[in-house]
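Please open the model in a viewer and keep the selection panel at hand. The stops below are to be visited in order.

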Amino acid sequence: MDTLWMLTGRYEGLPIIPVDVVVKDYFPHLTLPKFLRKVSDGKIKLNVIRMEDSQKAAKGVHVRDLATYVDERHADGLEEFSRLHS
């Protein structure tokens, strides 16, 4: 499976996915402020970008960064599964 290809299709070719959409789709258990806090604390290793140098600027996640994050979570899950079932 090519995660980047699938996410590109899911988000209709958008290179930057709005951060609120990422939270809704992948972190529904978190509020937007809690998600952003976890990102800034390094607890969620995902690159959130601002579209300009302003505190009020739109924030988003590049589709490639999201694909990498999803693939890393998948690899972690496989490793844990292997430990539990070997």
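Leaving aside its neighbours within four places in sequence, with which residues is Asp 25 in contact? Select Asp 25 together with Arg 10 and Tyr 11: these two are its contacts, where contact means heavy atoms within 4.5 Å. The model is a predicted one, in which local features need pLDDT of at least 70 and side-chain atom pairs count only at pLDDT 80 or more, while totals for chains, interfaces and linings use all residues. Residues are numbered from 1 along each chain as its sequence is written, and side-chain values use heavy atoms, with hydrogens and water left out.

Asp 25 lies in helix α2; helices (H or I, at least four residues) and strands (E, at least two) are DSSP runs, numbered from the N terminus. With a relative accessible area of 24%, Asp 25 is partly exposed, since buried means under 20%, exposed over 50%, and partly exposed in between (1.4 Å probe, protein chains only). Add Leu 46, which is 21 residues from Asp 25 in sequence and 14 Å away in space, C-alpha to C-alpha.

Turn next to the aromatic rings. A search of the whole structure yields two aromatic pairs; rings of Phe, Tyr and Trp (its six-membered ring) pair if their centres lie within 6.5 Å, and planes under 30 degrees apart count as stacked, over 60 as edge-to-face and the rest as tilted. Select Phe 27 and Phe 35: their ring centres are 4.9 Å apart and their planes stand at 45°, so this pair is tilted. Phe 27 is buried at 6% relative accessibility, and Phe 35 is buried at 0%.

Now add Tyr 69, which forms a tilted pair with Phe 27, at 5.9 Å centre to centre and 50° between the planes. Because Phe 27 lies in the loop between α2 (19–26) and α3 (32–40) and Tyr 69 in helix α4 (residues 63–84), the pair ties together parts that are 42 residues apart in sequence. Ring pairs thus link Phe 27, Phe 35 and Tyr 69 into a cluster.

Finally, display helix α1 (residues 3–10) with α4: they pack at an angle of about 130°, with axes 9 Å apart. Axes are lines fitted to C-alpha atoms, for helices over the stretch in contact, and angles run from 0 to 180 degrees between N-to-C directions. To inspect the interface, select Thr 3, Leu 4, Leu 7 and Thr 8 in α1, which meet residues of α4 including Val 63, Leu 66 and Val 70.
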